[in-house]
Amino acid sequence: MTSFNIVLYGGFETLDAFGPAEVIGQLPQDYSLKFHSLNGGIVVSSQQVPVDTLPFAEMDQSGILLIPGGFGARKLVIDENYVEQLKLFSEKAPYVLTVCTGSALLAKTNLLNGMKATSNKMVFEWVCSNGTEVNWIKKARWVKDGKYYTAAGISAGIDMLLGFVSDMHGVETAQTIANYIEYIWNSDMDNDPFGDAVTD
């Protein structure tokens with residue numbers, strides 16, 4: 001059983017976290033889904049959804065890590081202590097996945113330097129400013145480079161997680177999950193209908 005650790009913080013984007021949670025939650029025999037925040041306790045999303053979390057100190061550091069985006073990420077990218085803790089977890093995790101502006105947080109750790117990544121196209125320039133040595137790919141639904149998976153905006157996290165499941169367990173398993181949750185999976189990581197969106 002592998003821990004699937006979703007990192008939450010005040011102002012996270014609800015679907016960034018719960019879209020992937022819905023997908024990975026369809027494989028309870030393989031993954032133990034856990035939500036963590038810096039100090040644990042109730043964390044509230046941008047949509048005012050409260051989630052009870054475990055503290056970082058209780059995280060299984062051998063598990064997979066998922067970092068969602070959200071308005072709260074804008075404060076955390078300048079929090080050196082928070083970024084350093086994310087770096088430590090990310091270095092130990094076998095896979096690190098980000099959704100939306102979660103890639104900005106990961107980029108601040110410098111672990112994406114020289115690697116390909118993507119993010120939400122509506123705030124693409126801001127994300128890029130947080131990782132000037134990252135090879136940012138604007139036209140991508142999600143990007144995989146080594147152990148790092150980064151998704152575009154919000155709902156792209158569902159496509160990425162299905163892609164991750166496909167890589168780990170086969171495309172048939174991923175498609176079965178997509179069918180079960182009645183989701184039309186964009187299985188082509190390069191097919192990004194929002195790649196030409198304006199930037200801030």
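## A walk from the C-terminal tail to strand S9

Start with Glu182, which sits in the segment after helix H7 (171-180). You're looking at a predicted model, so take the stops below in that spirit. Check the backbone torsions of Glu182: phi is near 55 degrees, a positive value in a residue other than glycine. Colour by accessibility and Glu182 shows up as exposed, with a relative accessible area of 73%.

**Another positive phi**

Now select Ile154. Where is it? Look in the loop between strand S10 (148-151) and H6. Ile154 isn't a glycine either, yet its phi is positive, at about 45 degrees. Its relative accessible area is 29%, so Ile154 is partly exposed.

**H6 against H7**

Keep going along the chain into helix H6 (residues 156-169) and show H7 with it. Their axes are 6 Å apart, and the two helices pack at an angle of about 145 degrees. The crossing of H6 past H7 is right-handed. To see who's at the interface, put up side chains: on the H6 side, pick Leu162, Val165, Ser166 and His169; on the H7 side, Val171, Thr173, Ala174, Ile177 and Ala178.

**H6 against H1**

Leave H6 on screen and swap H7 for helix H1 (residues 14-24). Here the axes come within 8 Å and cross at roughly 30 degrees. That angle is why H1 counts as roughly parallel to H6. This crossing is right-handed. For the contact set, select Leu15, Gly19, Pro20, Val23 and Ile24 in H1, then Gly157, Ile158, Leu161, Leu162, Phe164 and Val165 in H6. Leu162 and Val165 of H6 are worth a label, since they appear in the contacts with H1 and also in those with H7.

**Gln26, just past H1**

Step off H1 to Gln26, in the loop between H1 and strand S2 (31-37). Which residues far along the chain does Gln26 touch? Leaving aside neighbours within four places in sequence, they are Ile177, Tyr180 and Ile181. Draw a C-alpha distance from Gln26 to Tyr180: you should get 9.0 Å, for two residues 154 apart along the chain. Gln26 is partly exposed, at 25% relative accessibility.

**Ser37 and Thr53**

Carry on to Ser37 in strand S2. With a relative accessibility of just 4%, Ser37 counts as buried. Now add Thr53, which lies in strand S4 (residues 50-55). Thr53 is buried too, with a relative accessible area of 6%.

What joins the side chains of Thr53 and Ser37? A polar contact of 2.6 Å. Each of these side chains also reaches a backbone atom:

- From Thr53, follow the side chain to the backbone oxygen of Gly41, at 2.7 Å.
- From Ser37, follow the side chain to the backbone nitrogen of Gly40, at 3.1 Å.

Widen the selection to the surroundings, again skipping residues up to four places away in sequence. Thr53 touches Leu8, Phe35, His36, Ser37, Gly40, Gly41 and Val43. Ser37 touches Leu8, Val43, Thr53, Leu54, Pro55 and Phe56. Leu8 and Val43 turn up in the list for Thr53 and in the one for Ser37, so keep them displayed while you rotate.

**The cysteines**

Next, select Cys100 and Cys128. How many disulfides does a search of the whole structure find? The count is 0. A disulfide is a covalent bond between the sulfur atoms of two cysteines. The closest cysteine sulfur to that of Cys100 is in Cys128, 13 Å away, which is too far for a bond. Going the other way, Cys128 has Cys100 as its closest cysteine, at that 13 Å sulfur-to-sulfur distance.

Buried or exposed? Cys100 is buried, with a relative accessible area of 6%. Cys128 also counts as buried, at 17% relative accessibility.

**Last stop: Lys144**

Finish on Lys144, in strand S9 (residues 142-145). Lys144 comes out as partly exposed, at 37% relative accessibility. Show its contacts beyond four places in sequence and you'll find Tyr149 and Asp167. Then draw one more C-alpha distance, to Leu97: that residue is 47 away in sequence from Lys144 and 9.1 Å away in space.

Key: Residues are numbered from 1 along each chain as its sequence is written. This is a predicted model: local features need pLDDT of at least 70, side-chain atom pairs count only at pLDDT 80 or more; totals for chains, interfaces and linings use all residues. Side-chain values use heavy atoms; hydrogens and water are left out. Helices (H or I, at least four residues) and strands (E, at least two) are DSSP runs, numbered from the N terminus. Buried means under 20% relative accessible area, exposed over 50%, partly exposed in between (1.4 Å probe, protein chains only). A polar contact is a pair of N or O atoms within 3.5 Å; within protein, one must be able to donate a hydrogen and the other to accept it, and residues adjacent in sequence count only if both atoms are side-chain atoms. Contact means heavy atoms within 4.5 Å. A disulfide is a pair of cysteine sulfur atoms within 2.5 Å. Axes are lines fitted to C-alpha atoms, for helices over the stretch in contact, and angles run from 0 to 180 degrees between N-to-C directions. Angles under 35 degrees count as roughly parallel, over 145 as roughly antiparallel, 65 to 115 as roughly perpendicular and the rest as oblique. A crossing is left-handed if the near helix is turned anticlockwise from the far one by less than a right angle, and right-handed if clockwise.
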